[in-house]
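Student: I've got a model open and I'd like to talk it through. Can we start with the helix that catches my eye?

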Amino acid sequence: MRTPSDLSPSAFDPFGEPVDSRCVDAAAPVKHRARNVAVAVFWGLALLFVVGRIHFGAGPAASGSETAAAHVQAQAPAAIQIR
């Protein structure tokens with residue numbers, strides 16, 4: 001005769017089917033390892049992009065704003081002449 005623990009499954013798969021608790025999922029360690037690798041690659045690339053932006057974008061902030069101001073002043077007379 002079966003015991004109550006044998007009759008009621010303790011887990012369900014993503015499709016709602018009962019999963020036998022005695023069944024061992026051999027792919028679980030591989031999935032976990034792949035997820036860890038994907039997370040490490042993602043954050044490594046994110047850090048690389050941030051460091052690259054800081055390194056290559058480093059410079060005096062005033063020069064960027066001065067360049068933008070000079071560009072606006074150069075374009076303003078052209079816009080006024082069109083009218």
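Student: How far apart are the end C-alpha atoms of helix H2, and what span should its 30 residues have?

Tutor: Quick caveats: this is a predicted model, where local features need pLDDT of at least 70 and side-chain atom pairs count only at pLDDT 80 or more, while totals for chains, interfaces and linings use all residues. Residues are numbered from 1 along each chain as its sequence is written, and side-chain values use heavy atoms, leaving out hydrogens and water. Helices are DSSP runs of H or I with at least four residues, strands runs of E with at least two, numbered from the N terminus. H2 covers residues 28-57, and at 1.5 Å a residue (the expected span is 1.5 Å times one less than the number of residues) it should span 44 Å, which agrees with the end C-alpha atoms being 43 Å apart.

Student: Which element has the highest mean pLDDT?

Tutor: pLDDT is the predictor's confidence in each residue, from 0 to 100, and the chain averages 75. Helix H1 (residues 4-7) has the lowest mean, 54. Where pLDDT is low, the predicted coordinates should not be read in detail. The highest mean, 91, belongs to H2.

Student: How many residues of H2 are buried?

Tutor: Buried means under 20% relative accessible area, exposed over 50% and partly exposed in between, with a 1.4 Å probe and protein chains only. Leu48, which lies in H2, is exposed at 55%. H2 lies largely in the open, because its number of buried residues is zero.

Student: Which residues form the nonpolar patch on the surface?

Tutor: A nonpolar patch joins side chains of Val, Leu, Ile, Met, Phe, Trp or Tyr within 5 Å, from residues with over 30% relative accessible area and no salt bridge (a side-chain nitrogen of Lys or Arg within 4 Å of a carboxyl oxygen of Asp or Glu). Together the patch has about 500 Å² of accessible area, by the Shrake-Rupley method with a 1.4 Å probe. Its members are Val37, Val41, Leu45, Leu48 and Phe49.

Student: What is the geometry of the Phe42 and Trp43 pair?

Tutor: Rings pair if their centres lie within 6.5 Å; planes under 30 degrees apart are stacked, over 60 edge-to-face, the rest tilted. Here the centres are 5.0 Å apart and the planes at 80 degrees, so the pair is edge-to-face.

Conventions
Rings of Phe, Tyr and Trp (its six-membered ring) pair if their centres lie within 6.5 Å; planes under 30 degrees apart count as stacked, over 60 as edge-to-face and the rest as tilted. Patches are made of residues with over 30% relative accessible area and no salt bridge: like charges are joined within 9 Å, nonpolar side chains (Val, Leu, Ile, Met, Phe, Trp, Tyr) within 5 Å.
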